[in-house]
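Trainee: I have a new structure open and I'd like to learn how to read it. Could you walk me through it, one feature at a time?

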Amino acid sequence: MGVLRIAMDHDCEERLGTELLALVDNKKPLPNLKALQERYIGTKPVPIIPVRQQDLASYDHLLQGNWHLTEAVGHA
């Protein structure tokens, strides 16, 4: 099932199918799922997401209904 998912999600049906059929035809062992994932999916870098911790006074403003006094933070 995992092999089919890789083929569908990563648009490599033909290439993956050809590789697996060639291995079967040559009586070679099939790779495990982890090896196929590494070959066809690869690794994607984890994005760095900047985070700013709000000070406690900001929460006090929100709880008291003074949300308009709290600084709005935009992320670029």
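Trainee: Let me start in the middle: which residues make up the largest nonpolar core?

Mentor: Before the names, keep in mind that this is a predicted model. The general idea is that nonpolar side chains tend to be buried together in soluble globular proteins. Here the largest nonpolar core has eight residues: Ile6, Ala7, Cys12, Leu16, Leu20, Leu23, Leu36 and Tyr40. Helices α1, α2 and α3 each give two or more residues to this core, and α2 brings the largest share, with three residues.

Trainee: Let me step back, then. How many helices and strands does the chain have?

Mentor: There are four helices and zero strands. Going along the sequence, you read the pattern α-α-α-α.

Trainee: And how much of the chain counts as buried?

Mentor: Of its 76 residues, 12% count as buried. For the outside, look at the surface: the chain exposes about 6900 Å², and 60% of that comes from carbon and sulfur atoms.

Trainee: Now for pairs of helices. At what angle do α1 and α2 pack?

Mentor: For a pair like this, read the angle and the distance together. Helix α1 covers residues 2–9 and helix α2 covers residues 13–25; they pack at about 140°, and their axes are 8 Å apart. On the α1 side the contact uses Val3, Ile6, Ala7 and Met8, while α2 offers Glu13, Leu16 and Leu20. Sorted by class, that contact holds six nonpolar residues, one charged residue and no polar ones.

Trainee: What about α1 and α3: how do their axes cross?

Mentor: Their axes come within 10 Å and cross at roughly 10°. Angles under 35 degrees count as roughly parallel, so α1 and α3 are roughly parallel to each other. In this contact, Gly2, Val3 and Ile6 of α1 meet Leu33, Leu36, Gln37 and Tyr40 of α3. The classes here are five nonpolar, two polar and no charged residues.

Trainee: Val3 turned up in both contacts. Which residues does Val3 touch beyond its neighbours within four places in sequence?

Mentor: Val3 sits in helix α1, and those partners are Leu16, Leu20, Leu33 and Leu36. You can also follow a pair of C-alpha atoms: Val3 and Glu13 are ten residues apart along the chain, with 9.4 Å between them.

Trainee: Why is Val3 called partly exposed?

Mentor: The label goes by relative accessible area, with under 20% meaning buried and over 50% meaning exposed. Val3 has 28%, so it is partly exposed. Compare Leu4, also placed in helix α1: at 62% relative accessibility, Leu4 counts as exposed. Leu4 and Gly17 lie 13 residues apart in sequence and 9.5 Å apart in space, C-alpha to C-alpha.

Trainee: Back to a core residue: what does Leu20 touch, leaving out residues up to four places away in sequence?

Mentor: Leu20 touches Val3, Leu30, Pro31 and Leu36. Leu36 is a member of that eight-residue core as well.

Trainee: Let's go to helix α3. Where is Arg39, and what is Arg39 in contact with?

Mentor: Arg39 is in helix α3, residues 33–40. Apart from neighbours within four places in sequence, its contacts are Glu19 and Pro31. Arg39 counts as partly exposed because its relative accessibility is 46%. In space, Arg39 and Leu16 are 9.9 Å apart, C-alpha to C-alpha, though 23 residues separate them in sequence.

Trainee: How big a share of the contacts in the chain joins residues 24 or more positions apart?

Mentor: Counting contacts with a separation of 6 or more, residues 24 or more positions apart account for 33%.

Trainee: Last topic, the loops. Which phi value does Asp11 have?

Mentor: Backbone angles are worth a look in loops. Asp11 is not a glycine, yet it has a positive phi of about 50°. Asp11 lies in the loop between α1 and α2, and at 65% relative accessibility Asp11 counts as exposed.

Trainee: And where is Lys27 found, and is Lys27 buried or exposed?

Mentor: Lys27 is in the loop between α2 and α3. With a relative accessible area of 75%, Lys27 is exposed. Its phi is positive too, about 55°, although Lys27 is not a glycine.

Note on methods. Residues are numbered from 1 along each chain as its sequence is written. This is a predicted model: local features need pLDDT of at least 70, side-chain atom pairs count only at pLDDT 80 or more; totals for chains, interfaces and linings use all residues. Side-chain values use heavy atoms; hydrogens and water are left out. Axes are lines fitted to C-alpha atoms, for helices over the stretch in contact, and angles run from 0 to 180 degrees between N-to-C directions. Contact means heavy atoms within 4.5 Å. Ala, Val, Leu, Ile, Met, Phe, Trp, Tyr, Cys and Pro count as nonpolar, Asp, Glu, Lys and Arg as charged, and the others, Gly among them, as polar. Buried means under 20% relative accessible area, exposed over 50%, partly exposed in between (1.4 Å probe, protein chains only). Angles under 35 degrees count as roughly parallel, over 145 as roughly antiparallel, 65 to 115 as roughly perpendicular and the rest as oblique. A nonpolar core is a set of buried Ala, Val, Leu, Ile, Met, Phe, Trp, Tyr and Cys residues joined through side-chain atoms within 4.5 Å. Accessible areas come from the Shrake-Rupley method with a 1.4 Å probe; for residues, only the protein chains shown count as cover.
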